[in-house]
Amino acid sequence: DLNSLLTQARGVPIRNPDGSLSFKIVEIEPGGIFEYLGINDGDVISQINGNPINEMNDVMNLFGKLSNLPNLSLTINRNGDDVTQNYNIK
């Protein structure tokens, strides 16, 4: 349920020097999907499936296709280090 997903954390957009977007994830709901996926409060998502996020529509389109994707990869900056989280979607 997309509406439920969007209320389980807040993504604060950050404009990067190259013009791409990143999203700082804050106010994660305990026990929600973001916690389940291993995303921590303060993590910054900078790439989806190895591609930079160019605009908000990139994220919204991903949410719309999520149930049809076999897997998902997020590049997350956590405490200054880039970490790639890979997920298999069932």
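**Entry 1: the surface patch**

I take a patch to be made of residues with over 30% relative accessible area and no salt bridge, with nonpolar side chains joined within 5 Å. With that in hand I looked for a nonpolar patch on this predicted model, and I found one of about 240 Å², made by Leu-6, Met-56 and Met-60.

I then asked where Leu-6 sits, and I placed it in helix α1, which covers residues 2–6. Is Leu-6 buried or exposed? I read a relative accessible area of 38% for Leu-6, and because exposed means over 50% and buried means under 20%, I enter Leu-6 as partly exposed.

I also listed what Leu-6 touches, leaving out residues up to four places away in sequence, and I noted Met-60 and Phe-63. Met-60 is thus a contact of Leu-6 as well as a member of the patch with it. For a distance across the fold I took Leu-6 and Lys-65, which lie 59 residues apart along the chain and whose C-alpha atoms are separated by 15 Å.

**Entry 2: confidence**

Before going on I checked how far the prediction can be trusted, and I found that the protein averages a pLDDT of 88, with 96% of the residues scoring at least 70. Where is confidence lowest, and where is it highest? I found the lowest mean, 68, in α1, and the highest, 94, in strand β2, residues 21–26. I keep in mind that where pLDDT is low, the predicted coordinates should not be read in detail. I add this caution to my notes on Leu-6, since the residue is found in α1 and confidence is lowest in that helix.

**Entry 3: the fold as a whole**

I counted three helices and six strands in the protein, and reading along the sequence I wrote down the pattern α-β-β-α-β-β-α-β-β. The C-alpha trace spans about 35 × 25 × 20 Å along its principal axes. I compared the radius of gyration, 12 Å, with the value expected for a compact globule of 90 residues, which would be near 12 Å, so the two agree.

For burial I noted that 31% of the 90 residues count as buried, and for the surface I noted an accessible area of about 5,800 Å², of which 48% belongs to carbon and sulfur atoms. Among contacts between residues at least 6 apart in sequence, I found that 36% join residues at least 24 apart.

**Entry 4: salt bridges**

How many salt bridges are there? My count came to two. I recall that side chains of opposite charge can pair when their charged atoms come close.

I looked first at Glu-27 and Arg-10, whose side chains meet in a salt bridge at 3.3 Å, N to O. This pair links distant parts of the chain, with Glu-27 in the loop between β2 and α2 and Arg-10 in strand β1 (residues 10–15), 17 residues apart. I entered Glu-27 as exposed, with a relative accessible area of 53%, and Arg-10 as partly exposed, at 42%.

I turned next to Asp-43, which forms a salt bridge with Arg-78, and I read 2.6 Å between the closest N and O atoms. This pair, too, links distant parts of the chain, with Asp-43 in the loop between α2 and β3 and Arg-78 in strand β5, 35 residues apart. Is Asp-43 buried or exposed? I read 2% relative accessibility for Asp-43, and because buried means under 20%, I enter Asp-43 as buried.

**Entry 5: positive phi values**

I checked backbone angles for residues other than glycine with a positive phi, and I noted Asn-49, with phi near 50°. I placed Asn-49 in the loop between β3 (44–48) and β4 (51–52), where it counts as partly exposed at 36% relative accessibility.

I noted Asn-79 as well, with a positive phi near 55°, and I found it in the loop between β5 (71–78) and β6 (81–88). Asn-79 is exposed, with a relative accessible area of 76%.

**Entry 6: Ile-33**

Last, I looked up Ile-33, which I placed in helix α2, residues 33–36. At 30% relative accessibility I enter Ile-33 as partly exposed. I also took the separation of the C-alpha atoms of Ile-33 and Glu-55, which are 22 residues apart along the chain, and I read 23 Å.

Note on methods
Residues are numbered from 1 along each chain as its sequence is written. This is a predicted model: local features need pLDDT of at least 70, side-chain atom pairs count only at pLDDT 80 or more; totals for chains, interfaces and linings use all residues. Side-chain values use heavy atoms; hydrogens and water are left out. Patches are made of residues with over 30% relative accessible area and no salt bridge: like charges are joined within 9 Å, nonpolar side chains (Val, Leu, Ile, Met, Phe, Trp, Tyr) within 5 Å. Accessible areas come from the Shrake-Rupley method with a 1.4 Å probe; for residues, only the protein chains shown count as cover. A salt bridge is a side-chain nitrogen of Lys or Arg within 4 Å of a carboxyl oxygen of Asp or Glu. Helices (H or I, at least four residues) and strands (E, at least two) are DSSP runs, numbered from the N terminus. Buried means under 20% relative accessible area, exposed over 50%, partly exposed in between (1.4 Å probe, protein chains only). pLDDT is the predictor's confidence in each residue, from 0 to 100. The radius of gyration is taken over C-alpha atoms; the globule rule is 2.2 Å times the number of residues to the power 0.38. Contact means heavy atoms within 4.5 Å.
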